[in-house]
Amino acid sequence: MTAVHAPGTPVVEDGRLVSTSPATGAEAGRLPLATPTDVARAVDRARGAGQWWAGLGFGGRRERLLRWRSLLARRIEELAELVHTEGGKPVADAVVEILTAIEHVDWAARNARRVLGPRRVRSRLILAEFSAHLEYQPYGVVGVIGPWNYPVFTPLGSAAYALAAGNAVVFKPSEYTPAVGQWLVDTFAEVVPEHPVFTAVHGLGDVGAALCRSGVDKLAFTGSTATAKKVMAACAESLTPVLVEAGGKDAMIVDSDADLDAAAEACVWGALTNAGQTCIGIERVYAVEPVFDAFVGKVVERAGRLTVGAEAADIGPITMPGQLDVIRRHIDDALARGGRAVLGGADAVRPPYVHPTVLVDVPEDSAAVREETFGPTLTVNRVRDADEAVARANALPYGLGGSVFGRRRAVAIARRLRSGMAAVNSTLAFAGMSTLPFGGVGDSGFGRIHGEDGLREFGRAKAVTRRRARSLLPAMTFERTPADVARLVKATKLMYGRRH
Ligand code: NDP
């Protein structure tokens, strides 16, 4: 008997991973399943390829990465269509995702030399007879494990920066989006055909686990907090450094002097884009009492207009069928504890879709406020003032992004959010800003992709000192005399002993 799977559930057939559309069940891709030996072989091949790639230098890599960027831009419709078919994401959302990813490829390629290349740094008086040099050298092979919700933007946030820094990359896409992952490495191979610098291995979680244990020199993981802990444990066995981009429960704060129309528009998009399956999506809103009712009215009016469906709709299907139960549980729990649905609600979950749902006055200890929902739902709670909003926003172990709407205090409030990023008078904008680092605190992970920090994440600092003169005060030699040591004591007091 053949098992019946919900559309979108990946299945393994004859040693192949088959991904299907969550909306229609149509096959999207059929990729060879990697064994642990295949993973080890991919990493071995990448090691040789990485040496060649590193040897190209910043200029050679920049030229090739920019050629790949151009290819991605020219074929954006083709890739958007594949993202749509495989994950269910509306084509328009896919276009925005790919555009943002292309911007990161461009910036990483153009800035790697400036940020990572060899440079002189200042020496200090204590070792004035030495010059100091710094550069960031590639690790070698970086393993990238990615999620399904942004199958282009998220893995490239690590891979493009790792490649620009001179590493080879072995990529394990999510089992829900292997075809998109393969498309990325295939197109890269079109512009870099010489060696397997960027390759993919496919399979379920065990293939990701094998990649952690394969001898990669660094592992960049993006996914849930629970899986991040398993990845760290596996990497700990070989002291493999890890970068963790994990889940979130981002809050938006609406202050009393906010432009409520702009806030409602950004809130609806930030919460419901990609059917709410966004790590930095707005899941909770804290609006101050004087503007609460007006704000909720504007959100409901806008969210109520959105269309739900497979084609040309604002909100597509839930990509991972199993997530429907989580979303249903969060809505039911919020309502059972006294929250009210002002849009959607108990009957919003209609597989494979979830209709926009806005819940108000939801107890702060309910699952809908505390756990990642990953659906087109939103809680909006009233607070006395911005201080209470900040306290509530900061009350969870997660700390990824966040948003603040307001005028006078907005930036100050954004700075007080316990998160890696915040957007003032917009939502999610920081993700597309390639000059800024991206990453979380607490249960949302550590390390940074994007920007200068994102480039440095994929290079080992290499520090070199060079003697340029004889030491006047010999310290690091057994040839020093008691008189030299006495002079060292005197010099220490002179240089550092002053009272402030
Ligand atoms: P998962 O944690 O379920 O999976 C992430 C990746 O890890 C997948 O490729 C998965 O493979 C793989 N994996 C599963 N088990 C293991 C294991 N034991 N060892 C190594 N790898 C393993 O997350 P989702 O794919 O469901 O993605 C959604 C999550 O990602 C959300 O929490 C979201 O917030 C977060 N996310 C964070 C972002 C950020 O930048 N901070 C950006 C985007 C998403 P397989 O799919 O085959 O199981």
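Helices and strands here are DSSP runs, numbered from the N terminus, with at least four residues for a helix and at least two for a strand. Keep in mind as you look around that this is a predicted model.

Let's start on the outside. Find strand E4 (119-121) and strand E5 (130-138), and then the loop between them: that is where Ile-126 sits. Is Ile-126 buried or exposed? Its relative accessibility is 52%, and exposed means over 50%, so Ile-126 counts as exposed. Ile-126 also has company at the surface, since Leu-127, Met-476 and Tyr-496 join it in making a nonpolar patch of about 450 Å².

Now head for the ligand. There are 31 residues around it, and the ones that come nearest are Gly-146, Glu-175, Ser-224, Thr-227 and Glu-372. Some polar atoms are worth picking out too. Trp-148 places a polar side-chain atom 2.9 Å from an oxygen atom of the ligand, and Lys-172 likewise has a polar side-chain atom 2.9 Å from a ligand oxygen. With Ala-209 it is the backbone that takes part: one of its N or O atoms lies 3.4 Å from a nitrogen atom of the ligand. How much of the ligand does the protein cover? On its own the ligand has 900 Å² of accessible area, and the protein covers 89% of that.

Trp-148 leads us on to Thr-319, because the two are on the list of contacts that leaves aside Thr-319's neighbours within four places in sequence, and contact means heavy atoms within 4.5 Å. That list also holds Gly-8, Pro-22, Gly-87, Tyr-176 and Gln-277. You'll find Thr-319 in the loop between helix H10 (289-303) and helix H11 (323-336). With a relative accessible area of 5%, Thr-319 falls under the 20% cut-off, so it is buried. Its side chain reaches the backbone oxygen of Gly-87 at 2.8 Å.

A few backbone details round off the walk. Pro-351 and Pro-352 are joined by a cis peptide bond, with omega at about 5°; Pro-352 belongs to the loop between strand E14 (349-350) and strand E15 (353-354). Next, look at Phe-374, in the loop between helix H12 (367-370) and strand E17 (377-383). Phe-374 is not a glycine, yet its phi is positive, about 60°. Asn-425, also not a glycine, has a positive phi of about 60°, and its loop runs between strand E20 (423-424) and strand E21 (441-442). As for accessibility, Phe-374 is buried at 9% relative accessible area, whereas Asn-425 is partly exposed at 40%.

Key: Residues are numbered from 1 along each chain as its sequence is written. This is a predicted model: local features need pLDDT of at least 70, side-chain atom pairs count only at pLDDT 80 or more; totals for chains, interfaces and linings use all residues. Side-chain values use heavy atoms; hydrogens and water are left out. Patches are made of residues with over 30% relative accessible area and no salt bridge: like charges are joined within 9 Å, nonpolar side chains (Val, Leu, Ile, Met, Phe, Trp, Tyr) within 5 Å. Accessible areas come from the Shrake-Rupley method with a 1.4 Å probe; for residues, only the protein chains shown count as cover. A salt bridge is a side-chain nitrogen of Lys or Arg within 4 Å of a carboxyl oxygen of Asp or Glu. Buried means under 20% relative accessible area, exposed over 50%, partly exposed in between (1.4 Å probe, protein chains only). A residue is near a molecule or strand if one of its heavy atoms lies within 4 Å of it. A polar contact is a pair of N or O atoms within 3.5 Å; within protein, one must be able to donate a hydrogen and the other to accept it, and residues adjacent in sequence count only if both atoms are side-chain atoms.
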